[in-house]
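Colleague: Please take me through one part of this model in some detail, starting with the charged side chains and then moving on to whatever surroundings help to place them. I'd like the distances and the burial along the way.

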Amino acid sequence: MFEVTGPVMTDAGMQVLWNPEGFASVVDYDSWEGSLLKDDDILQHVLVGVLVPINLGDSAFQFVVRVGDSQQAADLTTRERTRLVVASEPYLITSAGSLYLSGLEDVSAIPDEKALHVVAPAGRYAVTVNLIDWESEPDSRAPTGDPSPCALPDFVVLLTAPTWPEPAFRQSLQTLPPPP
């Protein structure tokens, strides 16, 4: 099991989990624009399993990304499950060993140092994006109003080996259904 945590912000409308191998041709703004500017282009990357959209508009959120392995499946903790608002249907992502979580604007052949590096052994993964209501937990905020050091993240992204037969993977830029 591997886990990484950190803040991820975007000014391009969405955070994304992505496989750098799928963006080897993105080396400057012109090539980024040709590959990722339009929704239809982004959706093509989702369909081939090299990008998972976390489509929440311009924003900054705290993320935990958990990668399961053959010994232990990635799952929510009891605290996270108690505060879960909504989870996405599974998306497909393939990995050659490394994935990144960043703003859409930071996707390129050479990942930016702001991107969270996710160690994910080579293979196919089912990815679920889980929205956590961390603010509903007592003591989630420090006296300054900032999240306390023990606060849950905004999102927990889980990567697990897909079941067999594989599920019908989500093929939408709209990541989460409306909250219940």
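Modeller: Happy to, and bear in mind throughout that this is a predicted model. A good place to begin is a network of salt bridges that links Glu3, Arg66 and Glu80. Within that network, the salt bridge between arginine 66 and glutamate 3 has its closest N and O atoms 2.5 Å apart. Glutamate 3 belongs to strand β1 (residues 2-10) and arginine 66 to strand β4, so this pair ties together parts that are 63 residues apart in sequence. The two partners differ in how they sit relative to the surface: arginine 66 is buried, at 6% relative accessibility, whereas glutamate 3 is partly exposed, at 44%.

For the model as a whole, the count of salt bridges comes to seven. Another of them joins glutamate 166 to arginine 124, with 2.6 Å from N to O. Arginine 124 is in strand β7 (residues 116-132) and glutamate 166 is in the segment after β8 (155-160), so here the parts tied together are 42 residues apart in sequence. Glutamate 166 is partly exposed, with a relative accessible area of 27%, and arginine 124 is partly exposed too, at 41%. Then there is the pair of glutamate 135 and arginine 141, whose closest N and O atoms are 2.3 Å apart. Glutamate 135 is partly exposed at 45% relative accessibility, and arginine 141 is likewise partly exposed, at 38%.

Let's go back to strand β1, which also holds threonine 10. Threonine 10 is buried, with a relative accessibility of 1%. Its side chain makes a polar contact of 2.7 Å with the side chain of glutamate 105, and it also reaches the backbone nitrogen of alanine 12, at 3.0 Å. If you set aside neighbours within four places in sequence, the residues in contact with threonine 10 are Gln15, Gly57, Asp58, Ser59, Gly103, Leu104 and Glu105.

Next, a helix with two faces. In α1 (residues 29-36), the buried residues are Ser31, Trp32, Ser35 and Leu36. They lie on the same side of α1 because they cover an arc of only 105° around the axis. These buried residues pack against α2 (39-47) and β3 (51-54). On the face turned away from the buried side you will find the exposed residues Tyr29, Asp30 and Gly34. At the start of α1, a side-chain oxygen of aspartate 28 comes to within 3.3 Å of the backbone nitrogen of aspartate 30.

Finally, a stop in the loop between β4 (59-67) and α3 (78-82), which is where glutamine 71 is placed. Glutamine 71 is exposed, with a relative accessible area of 72%. From C-alpha to C-alpha, glutamine 71 is 40 Å away from lysine 38 in space, and the two are 33 residues apart in sequence.

Definitions and conventions: Residues numbered from 1 in each chain as written. Predicted model: local features only at pLDDT ≥ 70, side-chain atom pairs only at ≥ 80, totals over all residues. Heavy atoms only, no water. Buried < 20%, exposed > 50% of the residue type's maximum accessible area, 1.4 Å probe, protein only. Helix = DSSP H or I, 4+ residues; strand = E, 2+ residues; numbered from the N terminus. Arc of directions from axis to C-beta. Contact = heavy atoms within 4.5 Å. Polar contact = N/O pair within 3.5 Å; in protein donor to acceptor, adjacent residues only side chain to side chain. Salt bridge = Lys/Arg side-chain N within 4 Å of Asp/Glu carboxyl O.
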